Structure formats: C-alpha cells, structure tokens
Amino acid sequence: MRIASAAFVFLTMLAFAPRVRAANELLSNAELSKGSENQPDDWQTQAWVNEPDAVTFNWTHPPNGGPGEAEVNAVKPNDARWWQQLELKPGWYYISAEIRTENVGAQNSGATISVMEDGIMSPEVKGNSNWTKVGMYMRVGPKGADVQVALRVGGFGSLNTGRAFFRNASVTSIAAPPPNAQPTYDLEKIRQAAQPVPIGKLYSLVLTYLLLFAIAYGGWRLFAIEPPKVNRAEARREAKKKAARR
C-alpha cells in the first residue's frame, strides 16, 4: 500500500513539474514549441554580419508542437543570435540553456546563452559537443532592468564560426545563487562601470570653469577696442568753419 501511494505521489509530481517550470519561467516560448514556418514565436534573429552567405538561422520542432531547437549557423566569423527582450524586476536570476555544437571555433567566443551587456555570458561550448546544459547567475539592481537574452555564437569583438543548437532556454527568479556559484554577474555594477566618469572631483571642475571665465573676461577687457575720444574744442571749431562756408 505504501509503495502504491509513493508511486502515485511521484507520478503526480512528474505531471505537475512542467507546469511549475512554466509558472516561474520568464522567457516567452522558452521551449521553442510555438511558431510558424522557420520562426519561433517571441524570438528574433540578429547578426553582426547579417548576410545570407555569412549566417543562417533555423528552427526545428516536432509536428505536435513539442519542445523545439533554435539553430545558429555562422558560416563566416560572426556574432549571431536568437534573442528576446525581457523586463526584469530587482533580484537574482538563473539564466540557462542546453547547447550542442558542431565545429565551433576554439579561439574566440563560443556558443552561449548571454545577456547583451559587457561580457555577461554562460560558460562557452566549443568544437563538437553533445547536449550540454550551461547557466549563469545575474543580479538586477533596485530599479529593475530591460535586457536582451540571446542564444548566441561568437561575441562582441570576438567573432566566431560554427553551428550551434539551443533548447530548453530559461530565465527564472531565485532568492540567491548557491554558495560559490559561478559565473555570477551584477548588472547594476556593470552598467555603472560603463558610464563615463568625470575627470577630477566636483569642486575642482567648478574652480576650473571659474578660472576659464576669469581669463576670458580679462582678455576681453584687455583687448576690447575703445571708441576714439572726442576733442570738444576741436569739434566746435570745425562746426564754426562749416557754418561760415554756408
């Protein structure tokens, strides 16, 4: 009786597991199961070299609408991806995907799931590989953030070639990363570091502007052209001469 009850509980958990994942999943059409022709719903394509002979994008899925796969084939060196826009609230997130590769170059950035910010990417998959799950942890600051999540071959300034297949992409909210989890990223700090920083402190900038103003004003006073002075006596004599001629 206990064995039968345990089996019933286990089967019930299996039945509800996809629903729990779907409820916490933030990507739309994360399983790549919906779409038409060669285009999965809610996903877009983009490439640094966006020409037919440089890159192709494909989508495969079972006829019954089951989980599908997104393919990026970088024929020429490229930074190419399927991507989706997300609006994230403050907190921690786990971002993951399963990746399989064919002839992805070993020198530059490989196949990853990435956030389109400076260097935010999962561990890379290169060469010829079987399905490999990769993931990363990312913190979003108190203001929240709009981000682009990408299934990607290559990277910014690190173009690569090869074919990669992606499935079961996922972005989920978590309380915090596990201890010693890697890689982890702080999106707020990364964006702050990317902002231009003024040279010097605020008071030094103010003093510099005041000094420049004083120099400009002094130069204007020094080199300003003064109108010629009028000799009134001479002017009266000239006026009398003109009156006499009349």
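## The open sheet

Let's start with the sheet: five strands make an open sheet in the order 3-6-11-8-9, and the pairing is antiparallel. Strand 3 (44-47) and strand 9 (120-121) take the edge positions, and each has a single partner strand, so one side of each has no neighbour in the sheet. Keep in mind that you're looking at a predicted model.

At the strand 9 end, strand 8 (residues 111-115) is joined to strand 9 by two bridges in the antiparallel sense. If you want to find that spot on screen, look for Val115, whose bridge partner in strand 9 is Ile120. Helix 2 (residues 187-194) packs on the sheet here, touching both strand 9 and strand 11. The direction of helix 2 makes about 95° with that of strand 11.

## The nonpolar core

Now for the inside. The largest nonpolar core is made of 40 residues, and Met138 and Leu151 have the most contacts within it. Strand 11 (residues 145-153) is the top contributor to this core, giving five residues.

Leu151 is a handy place to park the view. Setting aside neighbours within four places in sequence, Leu151 is in contact with a long list of residues, including Trp43, Trp82 and Phe166. Smaller side chains turn up as well, among them Ala70, Val72, Ala80, Ala97 and Ala169. Thr112, Ile113 and Arg81 are also in contact with Leu151.

## Two aromatic pairs

How many aromatic pairs does a search of the whole structure find? It comes up with two. One is Phe57 with Trp82, an edge-to-face pair with 5.8 Å centre to centre and 80° between the planes. This pair links distant parts of the chain, as Phe57 is in strand 4 (residues 55-60) and Trp82 is in strand 6 (residues 80-88), 25 residues apart. Phe57 and Trp82 are both buried.

The other pair is Tyr94 with Tyr137: the ring centres are 4.9 Å apart and the planes are at 35°, so this one counts as tilted. It also links distant parts of the chain, with Tyr94 in strand 7 (residues 91-104) and Tyr137 in strand 10 (residues 127-140), 43 residues apart. Are these two tyrosines buried or partly exposed? Tyr94 has 21% relative accessibility and so counts as partly exposed, while Tyr137 has 14% and counts as buried. The cut-off for buried is under 20%.

## Around Tyr137 and Thr172

Tyr137 has plenty of company. Beyond four places in sequence, Tyr137 is in contact with Trp92, Tyr93 and Tyr94, and also with Ile174, Pro177, Pro178, Ala181, Pro183, Thr184 and Tyr185. Take Pro178 as an example: Tyr137 and Pro178 are 41 residues apart in sequence, yet 9.5 Å apart in space, C-alpha to C-alpha.

Thr172 belongs to strand 12 (residues 160-174). With 13% relative accessibility, Thr172 counts as buried. Thr172 touches Trp92, Tyr93 and Tyr94, plus Asn24 and Glu25, once residues up to four places away in sequence are left out.

## Arginines over rings

Two arginines are worth a look. Arg100 lies over the face of Phe165, 4.1 Å from the ring centre. Arg167 has its charged end over the ring of Trp131, 4.0 Å from the centre of that ring.

Key. Residues are numbered from 1 along each chain as its sequence is written. This is a predicted model: local features need pLDDT of at least 70, side-chain atom pairs count only at pLDDT 80 or more; totals for chains, interfaces and linings use all residues. Side-chain values use heavy atoms; hydrogens and water are left out. A nonpolar core is a set of buried Ala, Val, Leu, Ile, Met, Phe, Trp, Tyr and Cys residues joined through side-chain atoms within 4.5 Å. Buried means under 20% relative accessible area, exposed over 50%, partly exposed in between (1.4 Å probe, protein chains only). Helices (H or I, at least four residues) and strands (E, at least two) are DSSP runs, numbered from the N terminus. Contact means heavy atoms within 4.5 Å. Two strands pair if DSSP finds at least two bridges between them. Axes are lines fitted to C-alpha atoms, for helices over the stretch in contact, and angles run from 0 to 180 degrees between N-to-C directions. Rings of Phe, Tyr and Trp (its six-membered ring) pair if their centres lie within 6.5 Å; planes under 30 degrees apart count as stacked, over 60 as edge-to-face and the rest as tilted. A charge sits over a ring if NZ of Lys or CZ of Arg is within 6 Å of the ring centre and within 35 degrees of the ring normal.
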